[in-house]
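Grab a pencil and work through these exercises with the model open beside you. Each task comes with a solution in steps.

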Amino acid sequence: MPTLKLLLLPGDGIGPEVMAEAKHVLAWLEARGLASFAIEEDLVGGSAYDAHGKSISEAAMAKALAADAVLFGAVGGPKWDKVPYDARPEAGLLRLRKDLGLFANLRPAICYPALADASSLKRELVEGLDIMIVRELTGGVYFGEPKTITDLGNGQKRAVDTQVYDTYEIERIARVAFDLARKRRNKVTSSEKRNVMKSGVLWHEVVTQVHAREYKDVQLEHLLADACGMQLVRQPKQFDVIVTDNLFGDMLSDVAAMLTGSLGMLPSASLGEVDAKTKKRRALYEPVHGAAPDIAGKGLANPIAMIGSLGMALRYSFGMIKEADLIDRAIAAALDRGLRTADIRGQAQRTIGTTEMGEAIRAELDRLAV
Ligand code: IPM
Ligand code: MN
């Protein structure tokens, strides 16, 4: 059995609490003889800033580059509101994405049957929902230059962010979306703002060409990003795979997440290019929810998105499909038993904390693995 090199970056806020539950699942997999891990751990975000004065140290970056996969918790919090922009907690995450070349961000939004009533939409609109948002992650306005605030000298300042995409960046993310669609319901919705943005015009053109050249068998539709947001809350089940840029993907995936009942439910995978020689790809797995400083340290956080992210690591980095399915089924089973953390509580349900939810999922793993 190969030893899989994992770097854990719990980060800030609820990150360490939910990561603790992922660690228990790693230990469970090892104890069952299903996998063998070489695990390292380091700081990122505000906690790294407190220790080193920057949001990720060079040593931690080196570990990330050497790992088969990175499991990431969350970064940020009001404590670091005043730190210099380049050292803010989020900069650590953005550097990981950029330096590891993690251009493809997969954000599945699945509504577990047991949670259909926790959604802000009616049950019939979200029951059985299963969409995959494919967000471009290393380009666009997040990284485009110039990115500046200039003092105009007349009491005014000017802020500039740059939205920029090259053909190859759009081609490779489109391929990820089409390939995924082929294994799902064979439909891709591409979303941009070509009615106001040149990058949207190019996005539309390139996706259309890639489709015509390589993926004629997949159904492709184009939807302006504002309309896509509207359709996501109007009739979310019309979607299969949505492919979109970095900023629209950030927003649309938060919207999609909430359809499933809670932001605490959504895992994500950030993947790099497949290396032609080794056939491996760099990867980072993280819950979408963020650091949630308001509930940090209270043992209230929902660990499902973090455990689901570990499941995605097994699926996309290690080819452990059976074990990944097992984790998904254990999560669903714990929910079916009526167990809820505060974020997904329905009416009159007793809520449990982070560790109890972790234990419940492991109990289901024990039960399902026989
Ligand atoms: C996300 C987060 C990040 C983003 C932040 C923390 C930089 O919101 O992963 O969705 O904007 O990409
Ligand atoms: Mn976000």
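**Exercise 1. Find how far apart the centres of domain 1 and domain 2 lie, then describe their contact.**

Step 1: the two centres, taken over C-alpha atoms, are 23 Å apart. The domain bounds come from an automatic or database domain assignment.

Step 2: domain 1 covers 1-103 + 272-370, and domain 2 covers 106-266.

Step 3: 19 residues from domain 1 and 22 residues from domain 2 make the contact; two residues are in contact if their C-beta atoms, placed from the backbone, lie within 7 Å.

Step 4: on the domain 1 side, the elements giving two or more residues are helix H4 (89-99), helix H10 (304-316) and helix H11 (321-336). Helices here are DSSP runs (H or I, at least four residues), strands are DSSP runs too (E, at least two), and both are numbered from the N terminus.

Step 5: sort that side by class and you get ten nonpolar, five polar and four charged residues. Ala, Val, Leu, Ile, Met, Phe, Trp, Tyr, Cys and Pro count as nonpolar, Asp, Glu, Lys and Arg as charged, and the others, Gly among them, as polar.

A word on the source: this is a predicted model, where local features need pLDDT of at least 70 and side-chain atom pairs count only at pLDDT 80 or more, while totals for chains, interfaces and linings use all residues. Residues are numbered from 1 along each chain as its sequence is written, with chains lettered from A and ligands numbered from 1 in the order in which they are written.

**Exercise 2. Work out the strand order of the open sheet and name its edge strands.**

Step 1: ten strands line up as E2-E1-E3-E12-E11-E4-E5-E10-E8-E9, with mixed pairing. Strands pair if DSSP finds at least two bridges between them.

Step 2: strand E2 (36-41) and strand E9 (219-224) are the edges, each pairing on one side only.

Step 3: zoom in on strand E8 (residues 187-192) and strand E10 (residues 241-244), which pair in the parallel sense over four bridges. Val 188 has Val 241 in E10 as its bridge partner.

**Exercise 3. How do helix H8 and H9 cross, and which residues make the contact?**

Step 1: the axes of helix H8 (residues 225-234) and H9 come within 10 Å and cross at roughly 10°. Axes are lines fitted to C-alpha atoms, for helices over the stretch in contact, and angles run from 0 to 180 degrees between N-to-C directions.

Step 2: that makes H8 roughly parallel to H9, since angles under 35 degrees count as roughly parallel.

Step 3: H8 brings Ala 225, Cys 228, Gly 229, Leu 232 and Val 233, and H9 brings Phe 248, Leu 252, Val 255 and Ala 256.

**Exercise 4. Which backbone feature marks Glu 145 to Pro 146, and where is Pro 146?**

Step 1: the peptide bond there is cis, with omega near 0°.

Step 2: Pro 146 sits in strand E6 (residues 144-151).

Conventions: Angles under 35 degrees count as roughly parallel, over 145 as roughly antiparallel, 65 to 115 as roughly perpendicular and the rest as oblique.
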